[in-house]
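Grab a coffee and open the viewer. Below is a handful of short exercises, each with a worked solution you can follow on screen.

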Amino acid sequence: MSNDLSSRLQRVAETLDSQFLGKSEVIRLLLIAVVAREHAVLIGPPGTAKSALIRTLAELIQAQYFEYLLTRFTEPNEIFGPVDIAAFREGHYRRRIEGMLPVSEIVFLDEVFKANSAILNALLTLLNEREFDNGAGRQRCPLISAIGATNEVPEDEIAEAFFDRFLVRLPVAPVSAGGFGALLDAGRVRDW
């Protein structure tokens with residue numbers, strides 16, 4: 001690793017550490033996942049700064065970012081882009097993917113295991129090969145790392161198979177009682 005990259009990663013880690021108290025280990029492992037181009041999942045209860053941490057990380061590394069809260073009702077259009085109507089009228093099926101998951105470098109999928117099996121299956125190729133089937137063609141995706149967040153580990157067969165795609169699995173705990181005092185001292189908690 002070059003000294004420039006090493007020093008940039010150190011600055012990102014320091015910035016994240018200063019903003020997310022008590023999350024140093026999670027931050028370091030997330031940075032390792034990004035450098036290794038692996039996918040990660042953050043496992044923890046609501047209110048543990050999972051979403052804010054990923055958003056800030058993507059901003060600091062200046063990555064093309066996509067975020068979506070998945071539900072069992074999520075449709076492919078919502079994450080892969082809508083069908084290109086003009087092309088469809090000419091007899092070609094493809095999606096308009098600008099600003100969507102297939103053109104993003106860092107992807108955050110909140111409640112990742114609550115998606116329906118159609119969405120999870122559609123994501124497999126993208127996560128495994130970093131390629132996306134867009135109509136009749138397959139295209140390369142710039143995906144560096146997909147990061148999921150969940151409150152619970154999946155128990156159904158399809159979600160478990162999808163869970164295997166996330167090599168880095170990080171438990172994220174709430175701020176400890178001692179850490180809450182430090183959080184107040186740092187001015188992170190505003191007027192209620």
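**Exercise 1. A charged cluster**

Find which residues are linked in a network of salt bridges, and look at two of the contacts.

*Solution.* Step one: the network links Glu129, Glu131, Asp133, Arg138 and Arg140. A salt bridge here is a side-chain nitrogen of Lys or Arg within 4 Å of a carboxyl oxygen of Asp or Glu. Before you go on, a word on the model: it is predicted, so local features need pLDDT of at least 70 and side-chain atom pairs count only at pLDDT 80 or more, while totals for chains, interfaces and linings use all residues. Residues are numbered from 1 along each chain as its sequence is written, and side-chain values use heavy atoms, with hydrogens and water left out.

Step two: click on arginine 138. Its side chain meets that of glutamate 131 at 3.3 Å, N to O, and that of glutamate 129 at 3.8 Å, again N to O.

Step three: check the exposure. Buried means under 20% relative accessible area, exposed means over 50%, and partly exposed is in between (1.4 Å probe, protein chains only). Arginine 138 counts as partly exposed because its relative accessibility is 44%. Glutamate 129 is partly exposed too, at 40%, and glutamate 131 gets that label at 21%.

Step four: for the whole structure, the tally is nine salt bridges.

**Exercise 2. The hairpin**

How do strands β4 and β5 run, and how many bridges join them?

*Solution.* Start with the strands: β4 covers residues 131-134 and β5 covers residues 137-140. Helices (H or I, at least four residues) and strands (E, at least two) are DSSP runs, numbered from the N terminus. Two strands pair if DSSP finds at least two bridges between them. Here there are four, and β4 and β5 run antiparallel.

Next, pick a facing pair: phenylalanine 132 stands opposite glutamine 139 in β5.

Then look at the turn. The hairpin has two residues between its strands, and glycine 135 there has a positive phi of about 70°.

Finally, step back to arginine 130, in the loop between α6 and β4. Its phi is near 55°, a positive value in a residue other than glycine. Arginine 130 counts as buried because its relative accessible area is 11%.

**Exercise 3. One glutamate in a loop**

Is glutamate 111 buried or exposed, and which residue is its salt-bridge partner?

*Solution.* First, find the spot: glutamate 111 lies in the loop between β3 (106-110) and α6 (117-129). At 12% relative accessibility, it's buried.

Second, the partner is lysine 114, with the closest N and O atoms 3.7 Å apart. Lysine 114 is partly exposed, at 41%.

Third, check the backbone: phi of glutamate 111 is near 50°, positive although the residue isn't glycine.

**Exercise 4. Two faces of a strand**

Sort the side chains of strand β7 by the face they point to.

*Solution.* Begin with the general rule: in a regular strand the side chains alternate between the two faces of the sheet. Now apply it to β7, residues 168-171. Val168 and Leu170 point to one face and are buried. Arg169 and Pro171 point to the other and are not buried.

To finish, find the neighbour: strand β1 (residues 40-43) runs parallel to β7, with four bridges joining them. In that pairing, alanine 40 stands opposite valine 168.

**Exercise 5. The loop between β6 and α7**

Where is proline 154, and is the residue buried or exposed?

*Solution.* Proline 154 sits in the loop between β6 and α7. Its relative accessible area is 11%, so it counts as buried. Now measure across to valine 112: the two residues are 42 apart in sequence, with C-alpha atoms 9.6 Å apart in space.

Glutamate 152 is in that loop too, with β6 spanning 145-150 and α7 spanning 157-163.

**Exercise 6. A helix and what follows**

Which residues of helix α3 are buried?

*Solution.* Walk along α3, residues 50-60, and tick off Lys50, Ser51, Leu53, Ile54, Thr56, Leu57 and Ala58. Past the helix comes glutamine 62, whose phi is positive, near 55°.
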